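I opened this entry to keep a record of what I looked up and in which order. My topics are an interface and a sheet.

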Number of protein chains: 6
Amino acid sequence: SYDMANENDEVGIVRGLAWTSVGGDTLQIEVNVMPGKGELQLTGQLGDVMKESARAGISYIRSMSEKYNIKDSFFKENDIHIHIPEGAVPKDGPSAGITMATAMISAVTKTPVRADVAMTGEITLRGRVLPIGGLKEKILAAKNANIKTVLVPDKNRKDLDEISEEIKKDLEIIYVDNMERVLQEALTNHAHEIMQKKADK
Amino acid sequence: SYDMANENDEVGIVRGLAWTSVGGDTLQIEVNVMPGKGELQLTGQLGDVMKESARAGISYIRSMSEKYNIKDSFFKENDIHIHIPEGAVPKDGPSAGITMATAMISAVTKTPVRADVAMTGEITLRGRVLPIGGLKEKILAAKNANIKTVLVPDKNRKDLDEISEEIKKDLEIIYVDNMERVLQEALTNHAHEIMQKKADK
Amino acid sequence: SYDMANENDEVGIVRGLAWTSVGGDTLQIEVNVMPGKGELQLTGQLGDVMKESARAGISYIRSMSEKYNIKDSFFKENDIHIHIPEGAVPKDGPSAGITMATAMISAVTKTPVRADVAMTGEITLRGRVLPIGGLKEKILAAKNANIKTVLVPDKNRKDLDEISEEIKKDLEIIYVDNMERVLQEALTNHAHEIMQKKADK
Amino acid sequence: SYDMANENDEVGIVRGLAWTSVGGDTLQIEVNVMPGKGELQLTGQLGDVMKESARAGISYIRSMSEKYNIKDSFFKENDIHIHIPEGAVPKDGPSAGITMATAMISAVTKTPVRADVAMTGEITLRGRVLPIGGLKEKILAAKNANIKTVLVPDKNRKDLDEISEEIKKDLEIIYVDNMERVLQEALTNHAHEIMQKKADK
Amino acid sequence: SYDMANENDEVGIVRGLAWTSVGGDTLQIEVNVMPGKGELQLTGQLGDVMKESARAGISYIRSMSEKYNIKDSFFKENDIHIHIPEGAVPKDGPSAGITMATAMISAVTKTPVRADVAMTGEITLRGRVLPIGGLKEKILAAKNANIKTVLVPDKNRKDLDEISEEIKKDLEIIYVDNMERVLQEALTNHAHEIMQKKADK
Amino acid sequence: SYDMANENDEVGIVRGLAWTSVGGDTLQIEVNVMPGKGELQLTGQLGDVMKESARAGISYIRSMSEKYNIKDSFFKENDIHIHIPEGAVPKDGPSAGITMATAMISAVTKTPVRADVAMTGEITLRGRVLPIGGLKEKILAAKNANIKTVLVPDKNRKDLDEISEEIKKDLEIIYVDNMERVLQEALTNHAHEIMQKKADK
Ligand SMILES: [Ca+2]
Ligand SMILES: [Ca+2]
Ligand SMILES: [Ca+2]
Ligand SMILES: [Ca+2]
Ligand SMILES: [Ca+2]
Ligand SMILES: [Ca+2]
Ligand SMILES: [Ca+2]
Ligand SMILES: [Ca+2]
Ligand SMILES: [Ca+2]
Ligand SMILES: [Ca+2]
Ligand SMILES: [Ca+2]
Ligand SMILES: [Ca+2]
């Protein structure tokens with residue numbers, strides 16, 4: 001069953017898109033931040049590639065912490081837990097990279113994420129967004145889950161051309177090639193402006 | 001053999017419902033809290049999915065610690081042990097999620113749980129309750145073990161319709177979609193009111 | 001070969017009963033307590049279920065430490081080692097649970113255990129005693145090893161009825177359903193009385 | 001798809017060359033340095049040989065830290081993360097050794113690396129450069145990715161003779177037999193001069 | 001090839017007896033004690049049972065440290081390394097238990113062991129000596145290696161009767177049932193007397 | 001390809017001899033010592049036996065630290081990294097024991113090793129040198145790599161008789177039975193004399 005779009009913008013929850021043998025699916029990535037000692041917990045039957053993807057994401061955030069107004073000590077004094085329901089379903093691959101990174105930034109900075117946005121894309125250590133597979137099935141799943149805006153890797157542009165207008169017509173497709181662009185679209189406008197202003201000082 | 005309903009409301013003990021190849025079963029989840037250094041012990045031949053489910057539960061509790069009047073230092077200065085008898089029987093799956101979380105909250109806050117309540121449901125990091133399988137067999141097992149009230153995920157409503165009135169007639173079925181609702185029903189009324197009042201201050 | 005009953009009541013040594021493909025056997029569980037940093041060592045080719053059983057036992061003891069006059073810091077400042085000879089023989093199952101717990105309590109509190117007592121039973125985190133298998137073979141092994149008293153889970157009563165009077169006639173069979181009852185019988189009378197008095201204060 | 005040459009010289013990003021069953025490829029090795037406790041993270045589905053190669057590289061750098069003006073405490077107070085996109089593709093072998101070492105030195109010393117340089121070569125603990133396989137395919141991949149200069153192990157000279165002039169004509173091939181020579185070519189000229197001057201003092 | 005008896009009594013070196021598919025063998029167990037942090041290193045391709053046997057031995061020694069004049073802090077401030085050459089030959093089983101324990105006591109207390117003694121026997125946590133297999137082959141190996149005295153578990157007496165007088169005639173066979181008896185024979189007389197006197201105070 | 005003899009005596013680099021299915025080979029063992037916290041890193045695809053051999057070597061050195069003028073705190077405040085190129089080739093067996101130990105002593109004491117010496121031999125915890133296999137192939141490899149002196153375990157004397165005079169004629173073969181003898185030959189004369197003098201004080 002699809003995870004339908006949330007009704008409210010929330011902190012630490014971001015909608016991802018998955019591609020399985022039976023079609024596309026949405027998955028709601030949850031991140032909790034808790035006082036701790038710098039551990040990263042990953043639950044929900046994540047495979048090795050997906051776990052590494054989460055680690056790349058957190059390193060990206062740590063290396064950008066000054067920009068995002070995160071204190072140096074934050075990652076030593078807190079634990080971060082990423083969970084992806086449904087807990088019995090194995091999940092793998094790098095395509096939830098930007099989704100997990102966005103959920104972590106949202107949770108760490110307490111910035112809400114737009115409830116009507118979903119996204120897919122591999123993340124690199126420097127925040128580049130790399131192309132992913134199964135785009136057609138993912139777009140269809142997003143549509144069925146009442147998503148309004150879908151963030152897609154810039155390098156997947158050609159794959160989108162092959163998707164019928166019928167499917168795409170009520171979706172806003174935004175091409176992204178780095179995490180800053182992802183955040184600009186995924187964080188609520190107001191929140192993003194505040195983050196920018198703080199960073200500009 | 002079924003674990004029959006306890007005679008007394010107890011702290012840190014909650015009745016779960018399991019579904020095996022030979023039918024439904026009840027299992028009595030036990031939680032002990034001990035002075036320690038923040039470790040989580042899981043015994044009783046729990047599989048990977050079930051262990052992750054326990055970890056999602058504890059992160060939920062940690063993130064809600066202010067609400068539940070738990071000191072920040074609690075999870076650094078205590079160990080939590082979840083054990084599920086019978087120790088030789090392998091157990092797995094996410095459906096004991098809310099049961100383990102309830103037992104932990106009960107043990108951590110020293111709040112008794114109603115002896116005549118059983119429950120089943122996957123928990124997410126934010127305390128949402130997700131649907132589970134084998135509901136019919138579980139309901140039957142609850143009935144046989146003299147349970148009075150069964151908490152069932154809200155998203156399993158349709159599955160309940162398929163169960164005969166004969167089976168359901170002496171059971172109170174309560175639909176739950178988040179952990180707060182679970183606690184409202186599972187904790188003894190008096191205990192729950194006190195927890196609420198403290199949280200309201 | 002059977003481990004024959006000891007001649008003297010000893011601290012940290014308790015007779016257990018095992019059930020293998022070739023019949024019943026006795027095994028002498030040894031526990032040493034040493035200044036350390038809170039580690040639990042388990043040797044003698046114990047399987048996963050048996051190791052978890054030992055961990056359930058130690059958590060039970062830690063949660064009852066006030067009652068048994070054990071200082072909070074004890075489990076941080078000491079290591080506990082459980083060894084079951086014969087070291088090359090694999091051992092598994094939950095039925096040595098109460099035996100290991102009794103040996104640990106004896107070693108931690110320096111209280112001697114009756115040399116003529118043997119026991120079998122799964123332990124839960126709260127000290128309940130659950131039923132076990134192979135009772136007939138175990139009783140026979142106890143008799144052959146010159147044991148005088150055998151502690152048996154209360155829920156195995158019906159299994160005992162099936163054992164011939166010939167075998168049972170010189171054995172005192174005591175039904176137990178919780179660890180307190182086990183200790184009442186296994187610890188030497190004098191020692192148990194002292195432990196009780198201290199706890200009553 | 002090839003990782004095309006970057007447009008700008010960057011810190012902590014170096015172009016490597018890989019050889020797979022389907023031909024040569026380029027891969028962009030990313031290194032982030034973050035305040036931490038001396039851990040080395042390796043992501044991107046790196047095999048055992050490649051991980052050991054990264055460890056040899058970091059030990060080389062640590063042993064040369066005085067020369068490279070790196071404080072002794074640096075490696076205790078920072079974490080280093082090496083990531084190689086594309087995260088789902090398994091990668092192995094020792095031939096990215098000098099590439100990973102160059103990226104680490106660049107990131108640790110904040111010295112930019114020339115965007116139009118690619119390299120291949122095994123590294124030893126003392127910074128020697130050992131020969132690698134698949135040179136022809138790698139050279140071809142470098143050419144296709146708009147690389148201008150390729151660093152090749154000195155002991156691969158004979159392999160280069162077998163590559164057609166057509167392929168080599170617009171590429172500058174530089175033979176290297178130790179890490180100092182690699183850095184001399186890979187770091188931007190200005191940066192390298194500054195590093196040398198500091199070391200000479 | 002047999003490890004022949006040493007010419008000199010040494011500290012931390014004890015001769016054991018092994019039984020393989022091709023007959024008996026002697027092996028020279030070496031123990032080094034080094035300033036450290038309480039770690040136990042086991043090398044020489046020791047199997048799981050043998051490693052547990054070493055751990056039972058060290059726990060026995062720790063629990064007897066007062067008797068052997070070893071300071072409480074010793075096992076926190078030193079590392080113990082047990083190595084059994086020949087390093088490529090897998091070794092397993094519990095029968096080197098008393099040999100490893102004797103070598104450790106010798107190394108820890110700096111007490112020399114008689115060069116002409118060999119021994120075999122399982123050790124328990126309380127220092128009991130349990131019977132072992134392959135006695136005939138082991139006795140023969142001891143004889144061939146110029147051993148003068150062999151320590152044999154008391155419970156192997158019957159096995160010794162089956163060995164021809166021809167083999168036994170130049171060997172002193174001493175039956176042992178606990179570690180104190182082992183040390184009495186294995187440590188050089190003078191050293192043992194001193195250890196006793198210190199303990200008697 | 002053979003690792004040819006170095007031109008200069010170096011610190012922390014020693015030539016070993018390996019024996020594979022395709023004949024003998026030389027391998028250049030590299031050791032770096034770095035400020036750290038007492039860790040031993042082993043890279044270059046070393047098998048379990050070889051890793052244990054390295055650990056036996058380091059324990060030997062630690063136990064002899066007074067003799068070699070190494071401060072007690074050295075092994076707590078430094079990391080030691082042993083790397084054996086070529087990193088993709090699996091290596092195993094105990095015969096590099098004395099080579100790794102010599103390289104470590106050289107690196108720890110900053111004493112150069114003769115560039116024209118190669119060696120083979122298992123090391124024990126007490127510095128004894130045990131015999132190895134494949135001597136003929138190893139001697140041939142040493143000759144081909146321009147080695148002048150080869151250190152061979154004393155217990156391999158008989159194997160050397162079977163090697164033709166043609167092969168042996170330009171090689172100096174020195175029999176060694178303990179690490180002190182190894183160092184006497186492998187360290188440069190001057191360095192060894194200084195080490196001796198310091199030790200004699
Ligand atoms: Ca779904
Ligand atoms: Ca926007
Ligand atoms: Ca049951
Ligand atoms: Ca209620
Ligand atoms: Ca037995
Ligand atoms: Ca009694
Ligand atoms: Ca590629
Ligand atoms: Ca240049
Ligand atoms: Ca041998
Ligand atoms: Ca004597
Ligand atoms: Ca080679
Ligand atoms: Ca010399």
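**Interface of chains A and B**

I began with the salt bridges between chain A and chain B, and the count is 2. One that I looked up is formed by the side chains of A:Asp79 and B:Arg62, with 3.1 Å from N to O. I kept in mind throughout that this is a predicted model. For polar contacts across this interface, I noted 14 residue pairs, both residues being at pLDDT 80 or more.

I then asked which elements of chain A give two or more residues to the side that touches chain B, and I found strands E1 (10–11), E3 (23–35), E4 (40–43) and E5 (78–83). Of these, E3(A) gives the most, with 6 residues. By residue class, I recorded that this side of chain A divides into 9 nonpolar, 11 polar and 6 charged residues.

Turning to area, I noted that about 1800 Å² is buried between the two chains, and that carbon and sulfur atoms give 47% of it. A:Glu30, A:Asn32 and A:Met34 supply 27% of what chain A buries against chain B, more than any other three residues.

**Sheet of chain E**

Next I followed an open sheet of 7 strands in chain E, which has mixed pairing and the order E4-E5-E3-E2-E7-E10-E11. Strands E4 (40–43) and E11 (172–176) each have a single partner strand, so one side of each is left without a neighbour in the sheet. Within the sheet, I saw that E2 (residues 13–20) and E7 (residues 117–119) run parallel and are joined by 2 bridges, and that E:Arg15 has E:Ala118 in E7(E) as its bridge partner.

Notes:
Residues are numbered from 1 along each chain as its sequence is written. Chains are lettered from A and ligands numbered from 1 in the order in which they are written. This is a predicted model: local features need pLDDT of at least 70, side-chain atom pairs count only at pLDDT 80 or more; totals for chains, interfaces and linings use all residues. Side-chain values use heavy atoms; hydrogens and water are left out. Buried area is the accessible area (1.4 Å probe) that two parts lose on being put together, summed over both. A salt bridge is a side-chain nitrogen of Lys or Arg within 4 Å of a carboxyl oxygen of Asp or Glu. A polar contact is a pair of N or O atoms within 3.5 Å; within protein, one must be able to donate a hydrogen and the other to accept it, and residues adjacent in sequence count only if both atoms are side-chain atoms. Helices (H or I, at least four residues) and strands (E, at least two) are DSSP runs, numbered from the N terminus. Ala, Val, Leu, Ile, Met, Phe, Trp, Tyr, Cys and Pro count as nonpolar, Asp, Glu, Lys and Arg as charged, and the others, Gly among them, as polar. Two strands pair if DSSP finds at least two bridges between them.
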